[in-house]
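Student: I am new to this structure. Please take me through it with questions and answers.

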There are 2 protein chains.
Amino acid sequence: MPRLNLGNINPHVVEAKYAVRGELAVKSEEYRARLRRGDTDLPFSEIISANIGNPQQLDQKPITFFRQVLSILEYPQLLDNEQVLLNSLGYKSDVLERAKFLLKSIGSVGAYSASAGVPAIKESVAKFLERRDGFPADPAHVYLSAGASSGVNTLLHIICATPASGVLVPIPQYPLYTASLSLLNATCVPYYLDEAAQWGTSVETIKEAYVTAKSNGTDVRAIVVINPGNPTGASLSEADIRSVLQFAAEEQLVVLADEVYQTNVFVGKFHSFRQVLLTLQKENPGKYGAVELASLHSISKGMVGECGHRGGYFELIGFDKEVEEQIYKFVSIMLCAPVTAQCLVELMVNPPQPGDPSYPLYEQEYNSIFEGLKQRATALYEAFKEMEGIECGEPQGSMYLFPTIHVPANAVDAARAEGRIPDEFYCMRLLEATGVCVVPGSGFGQKEGTLHLRTTFLAPGTEWVDSIKKFHREFMDKYR
Amino acid sequence: MPRLNLGNINPHVVEAKYAVRGELAVKSEEYRARLRRGDTDLPFSEIISANIGNPQQLDQKPITFFRQVLSILEYPQLLDNEQVLLNSLGYKSDVLERAKFLLKSIGSVGAYSASAGVPAIKESVAKFLERRDGFPADPAHVYLSAGASSGVNTLLHIICATPASGVLVPIPQYPLYTASLSLLNATCVPYYLDEAAQWGTSVETIKEAYVTAKSNGTDVRAIVVINPGNPTGASLSEADIRSVLQFAAEEQLVVLADEVYQTNVFVGKFHSFRQVLLTLQKENPGKYGAVELASLHSISKGMVGECGHRGGYFELIGFDKEVEEQIYKFVSIMLCAPVTAQCLVELMVNPPQPGDPSYPLYEQEYNSIFEGLKQRATALYEAFKEMEGIECGEPQGSMYLFPTIHVPANAVDAARAEGRIPDEFYCMRLLEATGVCVVPGSGFGQKEGTLHLRTTFLAPGTEWVDSIKKFHREFMDKYR
């Protein structure tokens, strides 16, 4: 027997589930490699990775201003030839200015920064928060992270003290939360989102989950809210957010607001937990003054879409000073977030403004990405609406649709015979038939007896949507 | 009381110690901020961060070839103007070729890669390992990581199953190991390095530590070796490595070889654990065939020095397939290593070769960094030799010197009165007097009754060395 084997390694790693890059994703990569090698035996000629929100793997182009600045940060000697940049390469003067500002603030992007991030970038984030929410922010409570995932990892490491430590997590959810709680051997306290109310948050449901968990001895410490939702795409109303904060204040729960999709909102308007909390604190300081809120944001999503750079931040409100010292120590152990990604955070929160030389192109690129996503979301939604046994809410935000699928009883039997949950069975057949990789709803959690799938709407064109439609018809006919 | 407080958060985070960025580092950053604000009340005009191996924060310039390639990866439209790059900006044709190869392999650096890294980059690493060691490597067992720290975090997460799981760690050590074991609530089994033998590894000492730990009920599973050493700077002989591998084979211990300083070797020659193990496997397959070895490398150190990008890799030999599946899942949860950092790994392991247009400059930059580090190490060593009560071994490798300091009894008393260990007391006074930030030996572990400090030799010039000398004289006089 090898020294390390499945029976003796960390059982919490073995227990953790992370379907977004699980069996289906691995199989899709195998197919992709076969296609690359010229294999013509497959019934498709392309893999569409609709399983992860990875905009630049598909069609989304990076924002020119951002990447021009980064090119200079990587090779500052470009600034020795400003005229070449300006006259021959199409860089605008504000690109050069921003690059100089960042180089002055960081030195080299090849040097470790301070553990919690470059001070000047934390200041930019604080100013952005103030502009966005109308309330000032203190850069001392901003922590730059290697994507929101790394921020969540940090915060859950601090929060989870014993196996009884519980965190309320929406279901369905992005599986980072359940996976991290498994790794930490803490307790996930699931609360179901309300599909009938466009996947909104019901405080009654949260209360029930909380009371049940408490009565089972769970020390519920925090509540996670993902807004706009992943995988649901829901965009919460201000009233929903108020209710959650009211409940958190009453029960003294730390609030983790995962707001990485804050610019991906098609219906209504994004309300940050921070803005709503600070408003409530003004209205009723006695009740809300002590609420502990961590809000997370990322460069990976939205019109930025720079997942590969691994950048993001979290901001803390109301956290104890000694606890923040422990957070600082924790992030120090991994040294710092990637410095180019920190610079992308700065660019995201402080983009070109009207009047700036780079603004016209920035605005055009930003809006065209936004409109493109909206159109793709709508096209996919219309396709789902036409498909037998599929129910899909109108796209509201984020990068996903999360339709319910009803499959015939024969399909359920066939899935069981293969040892699979029916939605996993469906997604596996879809991949085999079309090369389209999506994630079964079971990977995010779903109400007993319901089946879903999550797909991004990032892929361009309608061919892949047509191939899903065709597959679905044949699947239904086969198992009817 | 806030919901989260020092008394109820994760006790393993609270227990973890990480002195490299601890109180002294925080204080040095405060001083730096004061100097930046124009404060003239301090007895120094500059902070020298000799506490972390952060080459580009000090004097080390990035390698031009690497950064030119990265500038194109960040802004691929530069390739629309090849003539401008070649004729006006000094890029060579091999820079353009490499950028095209990488862009073809990865798509956009803004897209998530496969969880364990870009396949083509894993292949480059495998080819490098084969060239370095004379034995082929399989890219399937190469995992690209966000620096070696992230690789260590992954491996220890897998290895540590219960509080009784033990890992042999050299003392003194880079505190990532003890901190990670604290976070995982596992057992650190310290084995002391032999200062009298230039901080070499004594298998007798390791055996004693192992036997004692086993008899105390610790399930010792793995041994960490840092070669070249951090903080000690030691460079292990092939015989030392053979002994460790023999012991690991006999006791069935997983070997973690932290080889991030493999190119920082001034005395003798670097021997990789991989090369020695594969040689032993050839000589005696029955005894060595099943050894499980993880070797780690990084872009942060050596002549590359690209810490801020957060890149590295680990390669596994002899690991169980099911365990590797768990490693894959674990790294998937954090999605992937930063993609530009993965590209830097490719550039590091596959640099320009003689005959390539970029080779002459690359070779000149590389050699001049190497020689510069050697000269600085020697100059600092000579300074320490002259200082009363300081004993320092000849520099062998890595980026550090780790001298023993003997302080007068009065200094020990003064330290105790301040609630400090004497070496911490010494380093604090040094920072306050000179602006030079080093790390006390207690941050790495040291034999009871001995005192050390760790300093990098990255800072240029001799002024800072002179200021240490002057401080030391005054300190000794004051407490004599």
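**Sheet, domains and copies**

Tutor: Three strands of chain A, in the order β10-β14-β13, form an open sheet with antiparallel pairing. Strands (E, at least two residues) are DSSP runs numbered from the N terminus, as are helices (H or I, at least four), and two strands pair if DSSP finds at least two bridges between them. This is a predicted model, in which local features need pLDDT of at least 70 and side-chain atom pairs count only at pLDDT 80 or more, while totals for chains, interfaces and linings use all residues. Residues are numbered from 1 along each chain as its sequence is written, chains are lettered from A and ligands numbered from 1 in the order in which they are written, and side-chain values use heavy atoms, without hydrogens and water.

Student: Which strands of chain A stand at the edges of the sheet?

Tutor: An edge strand has a single partner strand, so one side of it is left without a neighbour in the sheet. In chain A this applies to β10 (400-401) and β13 (439-440).

Student: Which residue stands opposite Tyr400(A)?

Tutor: β10(A) runs antiparallel to β14 (residues 453-456) of chain A, and two bridges join them. Opposite Tyr400(A), in β14(A), stands Thr456(A).

Student: What area is buried between domain 1 of chain A and domain 2 of chain A?

Tutor: By an automatic or database assignment, chain A is divided into domain 1 (11-58 + 365-479) and domain 2 (112-349). Contact (heavy atoms within 4.5 Å) joins 35 residues of domain 1 of chain A with 36 residues of domain 2 of chain A. Buried area is the accessible area (1.4 Å probe) that two parts lose on being put together, summed over both. Carbon and sulfur atoms give 58% of the area between these domains of chain A, which is about 3,000 Å².

Student: Which element gives the largest share of the side of domain 1 of chain A that touches domain 2 of chain A?

Tutor: The elements that give two or more residues to that side are α1 (11-15), α15 (359-386) and β10 of chain A. The largest share is six residues, and these come from α15(A).

Student: Which C-alpha of chain A is nearest the axis that relates the two copies?

Tutor: Chain A is superposed on chain B (by least squares on C-alpha atoms of residues with pLDDT of at least 70 in both) by a rotation of 180° with 0.0 Å of shift along its axis, at RMSD 0.0 Å. The two copies are therefore related as by a two-fold rotation axis. At 2.0 Å from the axis, the nearest C-alpha in chain A is that of Ser71(A).
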